[in-house]
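Biologist: Could you take me through one part of this model up close? I'd like the neighbours explained as well, and please spell out your cut-offs as you go.

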Amino acid sequence: MACAAARSPADQDRFICIYPAYLNNKKTIAEGRRIPISKAVENPTATEIQDVCSAVGLNVFLEKNKMYSREWNRDVQYRGRVRVQLKQEDGSLCLVQFPSHCTLSLTSCS
């Protein structure tokens, strides 16, 4: 446990993960959608999510070969995961308008 407490919020393995299924209006909540259908988009890709997050000024990186565990379709278009940094080395927020992953998901889809 002491090792986990010593890790910095700025370490890449501490970034939050966003899978395309979280934002897909074609998915049900049981299939992994995490936002309201009114805010979701049709079949987003990990690259599109990365572009949107980068455009608002967040530090992001794309993991192309990662798969969401609930995704049954193994096609290339459904692969990928985006990791986003929300906190800096000292624990302060990178961008004040995104205090949590919930606000990031809802705002980036609008």
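What follows is a close look at strand E3 (81–84) and the parts around it. Which residues point one way from E3, and which the other way?

Modeller: Some ground rules before we dive in. This is a predicted model, so local features need pLDDT of at least 70 and side-chain atom pairs count only at pLDDT 80 or more, while totals for chains, interfaces and linings use all residues. Residues are numbered from 1 along each chain as its sequence is written, and side-chain values use heavy atoms, with hydrogens and water left out.

Let's place your strand first. The chain has three helices and three strands, arranged along the sequence as α-β-α-β-β-α. Both kinds of element are DSSP runs numbered from the N terminus: helices are H or I with at least four residues, strands are E with at least two. Of the chain's 110 residues, 35% are buried; that word means under 20% relative accessible area, with exposed being over 50% and partly exposed in between (1.4 Å probe, protein chains only).

Now to your question. Arg-81 and Arg-83 point one way from E3, Val-82 and Val-84 point the other way, and all are buried.

E3 also has strand partners on record here. E2 pairs with E3 in the antiparallel sense over four bridges, and E1 runs antiparallel to E3 with three bridges joining them. For two strands to pair, DSSP has to find at least two bridges between them. If you want residues to click on, try Leu-62, whose bridge partner in E3 is Val-82, and Ile-16, which stands opposite Val-84.

Next, the arginine side of the strand. The side chains of Glu-63 and Arg-81 form a salt bridge, 2.5 Å from N to O. By salt bridge I mean a side-chain nitrogen of Lys or Arg within 4 Å of a carboxyl oxygen of Asp or Glu. Glu-63 belongs to E2 and Arg-81 to E3, so to speak of sequence, the two are 18 residues apart and the pair links distant parts of the chain. Arg-81 has a relative accessible area of 12%, which is why it counts as buried. Glu-63 is buried too, at 18%.

Glu-63 has another arginine to deal with: its side chain meets that of Arg-83 in a salt bridge of 3.7 Å, N to O. Here again the pair links distant parts of the chain, with Arg-83 in E3 and Glu-63 in E2, 20 residues apart. Put the pieces together and Glu-63, Arg-81 and Arg-83 are linked in a network of salt bridges.

A search of the whole structure finds three salt bridges. One of them joins the side chains of Lys-27 and Glu-71, at 3.0 Å from N to O. Lys-27 sits in the loop between E1 and H2, whereas Glu-71 sits in the loop between E2 and E3, so this pair ties together parts 44 residues apart in sequence. Both of these residues are buried.

Step past the end of your strand and you reach Gln-85, in the loop between E3 and helix H3 (101–108). Gln-85 counts as buried because its relative accessibility is 10%. The Gln-85 side chain makes a polar contact of 2.8 Å with the side chain of Asn-59. A polar contact is a pair of N or O atoms within 3.5 Å; within protein, one must be able to donate a hydrogen and the other to accept it, and residues adjacent in sequence count only if both atoms are side-chain atoms.

Last, a look at the partner strand E2 and its aromatics. The structure holds four aromatic pairs. One of them is Phe-15 with Phe-61, a tilted pair at 5.9 Å centre to centre and 55 degrees between the planes. Phe-61 is in E2 and Phe-15 in the loop between helix H1 (2–6) and E1, so the pair ties together parts 46 residues apart in sequence. Phe-15 counts as buried because its relative accessibility is 5%. For the cut-offs, rings of Phe, Tyr and Trp (its six-membered ring) pair if their centres lie within 6.5 Å; planes under 30 degrees apart are stacked, over 60 edge-to-face, and the rest tilted.
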